[in-house]
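Colleague: I have a model open on my screen and would like to talk it through before I go back to the bench. Can we look at it together?

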Amino acid sequence: MEAVKQGSATVGVKSNNHVVLVSLKRALHSELSSYQNKLFKIDEHIGISIAGLTADARVLSKFMRTQCLNHRFVFESPIMPSRLVGKVADKSQKGTQGGSKRPFGVGLLVSGFSREKGPQLFLTDPSGSYYEYKGIAIGARSQAARTYIEKNFEQFPDASLEDLVLHALRALNATTGENVELTEENTSISIIGTAEPTNFFAYQGEQKENVLYVDGIPRTGAYTLYDGEFDLNDPRYLMLERALQRLHKADEAPPQDQMTDAEA
């Protein structure tokens with residue numbers, strides 16, 4: 001459990017139509033190394049975000065993918081997210097029963113959807129416990145994010161996709177330390193839902209050359225998606241950027257009680 005608390009934060013929020021996962025990517029050696037990936041695609045309808053040991057997350061993600069393939073082969077249908085989460089929890093719990101193996105040092109936020117249940121968000125931890133949530137955060141300084149979620153979760157069910165992304169980023173922003181600002185390079189985001197987009201895909205920010213978008217404004221940064229690269233003019237590419245701009249504008253705006261009469 002301590003390994004999960006030491007990992008960089010990740011946040012999950014759910015509306016009636018979508019589940020959004022956002023993560024703060026951490027570089028091991030500042031500018032000398034690349035950021036570690038925090039998002040993993042499991043199946044077309046399931047994805048995970050991690051906090052803790054990345055190596056353990058790779059083992060569990062491989063196990064989850066195998067379970068999805070086996071279920072499709074036997075039943076010719078996608079596995080229910082809740083069923084898969086239960087299997088992962090059983091595997092994690094076995095590591096707590098004896099001294100020959102250590103428990104997995106990673107917590108998972110699992111986003112998925114099914115026709116029966118709609119969008120779903122789960123948390124699994126190294127003890128083998130799992131829970132379904134409307135919104136949750138794990139990792140370093142995650143209590144600040146959970147406080148934000150507890151104050152605003154009533155707005156989540158009817159929120160638009162962009163507003164849901166903004167809520168997730170505000171919660172994640174609460175976990176950052178001093179002099180750390182959320183950017184396209186250190187923030188990962190994934191979206192899954194019953195409305196468009198229906199399949200799991202993730203934005204992994206990477207610093208690249210300037211890209212001329214459809215509105216003619218040059219911007220820096222591109223996104224690598226698990227299901228292939230969309231055209232850079234695709235409006236979904238701009239979703240994270242727009243949400244970050246709204247987040248930073250809100251941070252820079254002065255409180256209403258500090259406005260002068262002339263400004264008002």
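What follows is a chat about how this chain is put together.

Modeller: Bear in mind that this is a predicted model, where local features need pLDDT of at least 70, side-chain atom pairs count only at pLDDT 80 or more, and totals for chains, interfaces and linings use all residues. Residues are numbered from 1 along each chain as its sequence is written, and side-chain values use heavy atoms, with hydrogens and water left out.

Colleague: How many helices and strands does the protein chain have?

Modeller: Helices (H or I, at least four residues) and strands (E, at least two) are DSSP runs, numbered from the N terminus. On that basis the protein chain comes to six helices and 13 strands.

Colleague: And what percentage of the residues is buried?

Modeller: Buried means under 20% relative accessible area, exposed means over 50%, and partly exposed is in between (1.4 Å probe, protein chains only). The protein chain has 264 residues, and the buried share of them is 49%.

Colleague: Which face of helix α4 carries exposed residues, and which residues are they?

Modeller: Start with the other side: in α4 (residues 142-152), S142, A145, Y148, I149 and N152 are buried. Seen down the axis, they fall within an arc of 115° (taken from the directions from the helix axis to the C-beta atoms), so they line one face of the helix. An α-helix has 3.6 residues a turn, so residues three or four places apart point the same way. The face turned away from the buried side carries the exposed residues E150 and K151.

Colleague: What covers the buried residues of α4?

Modeller: One strand to look at is β1, at residues 10-14. From that stretch, V13 is in contact (heavy atoms within 4.5 Å) with I149, among others. The cover on α4 includes β1, β8 (135-138) and α5 (161-173).

Colleague: Which element gives the largest share of the largest nonpolar core?

Modeller: A nonpolar core is a set of buried Ala, Val, Leu, Ile, Met, Phe, Trp, Tyr and Cys residues joined through side-chain atoms within 4.5 Å. The largest one has 26 residues, of which V11, V13, V20, V22, V165 and L169 touch the most other members. Elements that give two or more residues to this core are β1, β2 (18-24), α4, α5, β9 (187-193) and α6 (237-252). The largest share, eight residues, comes from α5.

Colleague: How far apart in space are L240 and V165?

Modeller: L240 lies in helix α6, and L240 is buried, with a relative accessible area of 0%. In sequence, L240 and V165 are 75 residues apart, but C-alpha to C-alpha the distance in space is 7.7 Å.

Colleague: Is β2 mostly covered or mostly open, and which strand joins it over seven bridges?

Modeller: β2 is mostly covered, as seven of its seven residues are buried. H18, V20, V22 and L24 are on one side, with V19, L21 and S23 on the other. Two strands pair if DSSP finds at least two bridges between them; five join β1 to β2, antiparallel, and a hairpin of three residues links the two. The antiparallel partner with seven bridges to β2 is β9.

Colleague: How many residues lie between β5 and β6 in their hairpin?

Modeller: Nine of the nine residues of β5 (residues 106-114) are buried, so the strand is largely enclosed by the rest of the structure. It pairs in the antiparallel sense with β4 (residues 46-52) over seven bridges. β5 also pairs in the antiparallel sense with β6 (residues 118-124), again over seven bridges, and F113 stands opposite P119 there. In the β5 and β6 hairpin, the number of residues between them is three.

Colleague: Which residue forms a salt bridge with K14?

Modeller: A salt bridge is a side-chain nitrogen of Lys or Arg within 4 Å of a carboxyl oxygen of Asp or Glu, and the structure holds five. K14 is buried at 18% relative accessible area, and the closest N and O atoms of its pair are 3.8 Å apart. K14 lies in β1 and its partner in β7 (residues 130-132), so the pair ties together parts that are 118 residues apart in sequence. That partner is E132.

Colleague: Which residue forms a salt bridge with R246?

Modeller: R246 is partly exposed, with a relative accessible area of 36%. R246 lies in α6 and its partner in α5, so the pair ties together parts that are 83 residues apart in sequence. With the closest N and O atoms 3.1 Å apart, the partner is D163.
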